[in-house]
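This report is meant for a reader who is meeting the structure for the first time. Please keep the sequence and the 3D view at hand while reading.

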Amino acid sequence: MAGSFCFGLQEVINKAIADRRYPTRWKIAILKSSHKKGGKKITENYRPLSMLSVPSKIFESIIGKRMDGHLKNSNLATKNQWGYKEGLSTESILIYLTETWKKCLGEGFTIGVLFIDFRKAFDTVNYNMLEKKLQAGGFYGDFNQLLMSYLTDRTQYVEINGEKSSLRSMKIGVPQGSLLGPRLFALYVNDLPSTASIGQIHMYADDTTAFVVSKSVHEATNCLNILASDIQRCCKANKLTIHSEKTEFLIMTPRPLHGPINGVSVIGVYIRSVTESKSLGITIDNHLSWTKQIKSVQKSFCSKLSLIQRISFLPADVLEEIY
């Protein structure tokens with residue numbers, strides 16, 4: 001049975017590659033939502049996820065590996081994009097950033113950090129611009145046609161309590177919850193980190209952290225404003241929108257911070273100054289003390305331990321597997 005399935009799947013994939021056309025049925029997605037952060041009653045705080053079929057995921061995996069291999073061999077992908085690269089993870093970028101900041105603080109410098117949040121980043125990718133960027137990255141000819149076929153004429157629906165909505169077409173955007181979506185988005189914003197005239201910009205897919213190293217708090221905020229302008233210009237060219245209400249800036253200094261801090265603006269709006277922010281699931285504060293993060297981990301662990309205690313009546317082997 002398994003052999004017949006694999007043979008049939010191979011036939012469909014080979015034909016799709018030969019025809020440069022992604023199977024239409026594999027482009028139908030069930031749309032579900034995942035809470036990101038903030039109030040759970042605000043729709044903007046949820047991320048739409050496309051639930052795709054298993055055969056589609058298998059085909060995406062094959063295409064994704066070819067894309068990864070090409071980008072690695074051609075050295076075209078920016079080094080400041082840490083997502084979906086062999087040997088790299090969220091831990092890699094967090095270690096790089098925090099160790100860099102720790103070293104600079106030890107040398108007496110002040111660090112200004114921008115935590116950028118994009119408004120519906122994956123959902124606003126423009127297909128015409130993406131196609132040109134794929135060609136510039138060496139994805140042209142038959143492979144380019146296959147990728148564009150994957151993106152275009154996609155449909156999705158919502159299912160609640162067994163009731164399905166009608167199919168709706170996707171005119172823009174790459175599917176979240178897919179294997180190719182984040183890779184295509186990474187190529188779409190491949191030029192963003194290089195736009196910084198000052199400081200550094202690092203990304204993990206659409207999670208963007210930018211920072212400057214300065215001699216004073218005043219200089220740090222001035223530099224952050226310049227860096228924010230650089231990012232905004234690139235976003236405008238790529239038809240991306242920065243979510244000013246969720247974008248934050250943080251100042252790290254080796255000395256006690258006294259007095260008001262100059263404002264930092266993005267798209268003409270002053271963003272929040274914070275003493276801590278959550279980045280890639282980790283809470284970072286302005287002293288790199290990790291106190292908040294440790295307390296968060298302790299709370300999570302205690303909650304799970306309490307759950308195990310409440311189900312202690314289960315067999316030992318079941319409890320061991322849950323643990």
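The paragraphs below take up an enclosed strand, a smaller sheet, a pair of packed helices, a loop glycine and the cysteines. The model is a predicted one, and the values given here were computed from it.

**An enclosed strand**

Strand 3, which covers residues 110–116, has 7 of its 7 residues buried, so the rest of the structure largely encloses it. In a regular strand, side chains alternate between the two faces of the sheet. On one side of strand 3 lie Thr110, Gly112, Leu114 and Ile116, on the other Ile111, Val113 and Phe115, and since all of these are buried, both faces of the strand are covered.

Strands of a sheet pair through backbone hydrogen bonds, in either a parallel or an antiparallel manner. Strand 3 runs antiparallel to strand 9 (residues 207–214), to which 7 bridges join it, and it also runs antiparallel to strand 10 (residues 248–252), with 5 bridges between the two. Another pairing, this time a parallel one, links strand 1 (residues 28–35) with strand 4 (residues 154–157) through 3 bridges. One pair of residues from each of these pairings is set out in the table.

| Strands | Residue | Residue across from it |
|---|---|---|
| 3 and 9 | Glycine 112 | Valine 212 |
| 3 and 10 | Isoleucine 111 | Methionine 252 |
| 1 and 4 | Isoleucine 28 | Threonine 155 |

**An open sheet of four strands**

Strands 1 and 4 belong to an open sheet of 4 strands, whose order is 2-1-4-7 and whose pairing is mixed. At the edges stand strand 2 (46–51) and strand 7 (168–170), and because each has a single partner strand, one side of each is left without a neighbour in the sheet. On average, and with direction ignored, neighbouring strands of this sheet are turned by 45 degrees against each other.

**Two packed helices and a loop glycine**

Two packed helices are described by the angle between their axes and by the distance between those axes. For helix 4 and helix 6 (residues 180–188) the angle is about 80 degrees and the axes are 9 Å apart, and the two helices are therefore roughly perpendicular to each other. Helix 4 contributes Met129, Leu130, Lys133 and Leu134 to the contact, while helix 6 contributes Leu184, Leu187 and Tyr188. Of the residues in this contact, 6 are nonpolar, none is polar and 1 is charged.

The loop between helix 4 (127–136) and helix 5 (141–151) contains glycine 137, which counts as buried because its relative accessibility is 8%. Which residues does glycine 137 contact, leaving aside its neighbours within four places in sequence? They are His70 and Leu76. Leucine 76 is 61 residues away from glycine 137 along the chain, yet the C-alpha atoms of the two are separated by 6.6 Å.

**The cysteines**

A disulfide is a covalent bond between the sulfur atoms of two cysteines. How many disulfides does a search of the whole structure find? The search finds 0.

Two of the cysteines can be followed in more detail. The closest cysteine sulfur to that of cysteine 223 belongs to cysteine 104, and because it is 13 Å away, it is too far for a bond. For cysteine 235 the closest cysteine sulfur is in cysteine 234, at 5.9 Å, which is likewise too far for a bond. Both residues count as buried, cysteine 223 because its relative accessibility is 11% and cysteine 235 because its relative accessibility is 1%.

Technical notes
Residues are numbered from 1 along each chain as its sequence is written. This is a predicted model: local features need pLDDT of at least 70, side-chain atom pairs count only at pLDDT 80 or more; totals for chains, interfaces and linings use all residues. Side-chain values use heavy atoms; hydrogens and water are left out. Buried means under 20% relative accessible area, exposed over 50%, partly exposed in between (1.4 Å probe, protein chains only). Two strands pair if DSSP finds at least two bridges between them. Contact means heavy atoms within 4.5 Å. Axes are lines fitted to C-alpha atoms, for helices over the stretch in contact, and angles run from 0 to 180 degrees between N-to-C directions. Angles under 35 degrees count as roughly parallel, over 145 as roughly antiparallel, 65 to 115 as roughly perpendicular and the rest as oblique. Ala, Val, Leu, Ile, Met, Phe, Trp, Tyr, Cys and Pro count as nonpolar, Asp, Glu, Lys and Arg as charged, and the others, Gly among them, as polar. A disulfide is a pair of cysteine sulfur atoms within 2.5 Å.
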